[in-house]
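Subject: Handover of a structure and notes on its contents

Dear colleague,

Please find below the structure that I am handing over to you. My notes on it follow directly after.

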Amino acid sequence: MTSVRQDEPVRPTKRDEVAAAGSELIGGPIGRHALLGTNWLTPVRVIALVAIGMFALGMVQKLPCYNGGWFFGATSQYTHACYSDIPHLYAGRGFADGLIPYFDRLPGDMEYLEYPVLTGVFMEVASWMTPHGGDLQFREQIYWLVNAGMLMICAAVIAVCVTRTHRRRPWDGLLVALAPAFALTATINWDLLAIALTAAGMLMWSRSRPLAAGVLIGLATAAKLYPVLLLGPLLVLCWRAGAWRAYGKAVAGAVASWLVVNLPVMITHNATGFHIREGWAKFYVFSQQRPIDFGSVWLLISQRTGAPLENANTYATLLMILGCGAIGLLTLYAPRRPRFAQLAFLVVALFILTNKVYSPQYVLWLTPLAVLARPRWRDFLVWQACEVMYFLGIWMYLAYTGNGDKHQGLPPEGYQLAIALHLLGTLYLCALVVRDILMPERDVVRRDGDDDPSGGVLDRSPDVFVLGRAYHPPRHAVHFEKVPPVRWGVARD
């Protein structure tokens with residue numbers, strides 16, 4: 001039996017039947033004697049260009065709204081499936097009037113900007129590059145274009161970071177670059193900023209730079225709340241591997257960078273002392289008080305039963321705690337230490353599945369994590385198809401409810417089916433990742449001779465604390481007789 005070279009790149013057209021079939025469009029699978037990386041079109045550059053191209057196609061898809069749908073007609077932006085928060089919030093959150101986020105009170109019920117500080121800075125910087133004065137519609141169009149340009153940079157960063165995280169699997173980045181749901185939702189909101197910082201943090205962790213990884217995760221948390229969840233999987237993984245020093249550096253970096261961004265906005269001082277600024281706290285108060293909303297399992301239950309589910313906050317919190325406990329036990333009981341990307345995907349997916357709201361752009365949170373956790377084209381595309389159906393479903397539902405008595409669009413029953421598709425697609429991918437953890441011989445990444453290429457200091461480190469069984473030969477190895485045996489959990493040379 002031949003052995004797998006540890007420095008040889010994995011060619012997806014040789015390992016993945018869907019990738020091999022798709023490659024026929026560009027001449028077929030890469031041959032044995034093909035020279036890779038010998039010219040300027042390296043995998044990283046190719047994938048970055050593809051990501052930018054797909055992002056541009058997503059911008060083209062928004063043209064019906066750019067040309068009028070955002071500004072005229074009650075449901076035009078829904079029937080064309082091109083809605084975006086960006087132009088609406090330019091005026092709605094005071095940027096058009098030069099108001100300073102978190103410091104200046106907004107007219108209306110919202111009072112303050114309801115986004116984390118780093119996202120607020122991103123929005124403010126884009127407003128500086130938008131012309132002041134003149135027609136408001138024109139300024140909103142320019143504001144969207146400026147934000148789209150900045151978000152395009154974030155999209156390229158995400159694709160590059162995913163490509164470089166698994167050294168021997170650079171072409172997996174094409175899954176991110178070509179993801180249809182990624183292109184459709186990239187300019188709905190400002191989520192790509194936090195996702196780019198998270199992807200960069202995971203890349204730093206894979207390079208055994210825990211302090212830099214922590215700093216980037218802290219910055220990502222200052223832009224969106226969900227990246228802080230990654231510190232949970234790292235805690236249990238470092239516990240199992242005894243890598244407490246690395247974990248401490250990551251946490252210290254995350255706390256420090258988060259405080260550097262937030263403290264200048266968070267604390268105010270008056271004659272009675274220091275206080276938490278009301279504008280800074282708006283995001284956290286809004287998140288806590290927000291009722292059940294579009295896309296969530298709670299809305300599905302509420303619409304089907306007619307119950308208001310006023311305690312959805314409590315239910316969601318309990319499910320999240322129980323789910324995190326289950327992921328922790330899975331980590332400690334698994335026959336091999338799970339890969340960091342697998343646990344990161346599971347904990348963020350759990351948060352999405354139990355949350356009170358699922359906005360269409362939340363699929364962006366999971367896309368790079370799904371690619372690193374389960375880089376199989378078939379499974380990825382099945383999940384993406386479910387998410388595209390949900391993307392279309394929510395806009396058709398809003399067209400139905402916003403058209404008065406005409407009811408042109410998707411009725412509530414159809415929208416409930418779209419929610420169910422989103423939930424089932426995400427659960428399907430979660431089930432496959434859990435199976436890979438329990439049966440690591442089925443893990444696509446480990447079958448090619450790697451242990452945890454996104455694990456950094458955890459990669460090939462021995463376990464010091466486990467609750468499961470000791471090492472045992474793979475029970476299902478008979479299904480993979482052509483794959484060389486792999487040794488995991490061995491000390492570094």
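Phe 465 is a convenient place to begin: with a relative accessible area of 30%, this residue is partly exposed. Please bear in mind throughout that the model is predicted. Phe 465 is located in the segment after α22 (444-447).

**The nonpolar patch**

Phe 465 also belongs to a nonpolar patch on the surface, which covers about 760 Å². The other residues that make this patch are Leu 235, Trp 239, Trp 244, Leu 329, Tyr 333, Val 464 and Leu 467. Two elements, α13 (231-241) and α17 (312-333), each give two or more residues to the patch.

**The salt bridges**

How many salt bridges does the structure hold? The count is 16.

One of them pairs Asp 448 with Arg 169, and the closest N and O atoms are 2.9 Å apart. Asp 448 lies in the segment after α22, while Arg 169 lies in the loop between α8 (136-165) and α9 (173-178), so this pair ties together parts that are 279 residues apart in sequence. Are the two partners buried or exposed? Asp 448 is buried, because its relative accessible area of 4% is under the 20% limit. Arg 169, at 5%, is buried as well.

A second salt bridge is formed by the side chains of Asp 443 and Arg 339, at 2.8 Å from N to O. Asp 443 is found in the loop between α21 (412-438) and α22, and Arg 339 in the loop between α17 and α18 (340-354); the pair therefore ties together parts that are 104 residues apart in sequence. Both Asp 443 and Arg 339 are buried.

Salt bridges with shared partners also join five residues into one network, namely Arg 374, Arg 378, Asp 379, Arg 435 and Asp 436.

The salt bridge between Asp 293 and Arg 290 has its closest N and O atoms 3.5 Å apart. Here Asp 293 is partly exposed, with a relative accessible area of 22%, and Arg 290 is likewise partly exposed, at 24%.

**The strand pair**

Finally, strand β1 (residues 267-270) and strand β2 (residues 273-276) run antiparallel and are joined by four bridges. A hairpin of two residues connects β1 to β2. Within this pair, Ile 267 of β1 stands opposite Ile 276 in β2.

With kind regards

Methods: Residues are numbered from 1 along each chain as its sequence is written. This is a predicted model: local features need pLDDT of at least 70, side-chain atom pairs count only at pLDDT 80 or more; totals for chains, interfaces and linings use all residues. Side-chain values use heavy atoms; hydrogens and water are left out. Patches are made of residues with over 30% relative accessible area and no salt bridge: like charges are joined within 9 Å, nonpolar side chains (Val, Leu, Ile, Met, Phe, Trp, Tyr) within 5 Å. Accessible areas come from the Shrake-Rupley method with a 1.4 Å probe; for residues, only the protein chains shown count as cover. A salt bridge is a side-chain nitrogen of Lys or Arg within 4 Å of a carboxyl oxygen of Asp or Glu. Buried means under 20% relative accessible area, exposed over 50%, partly exposed in between (1.4 Å probe, protein chains only). Two strands pair if DSSP finds at least two bridges between them.
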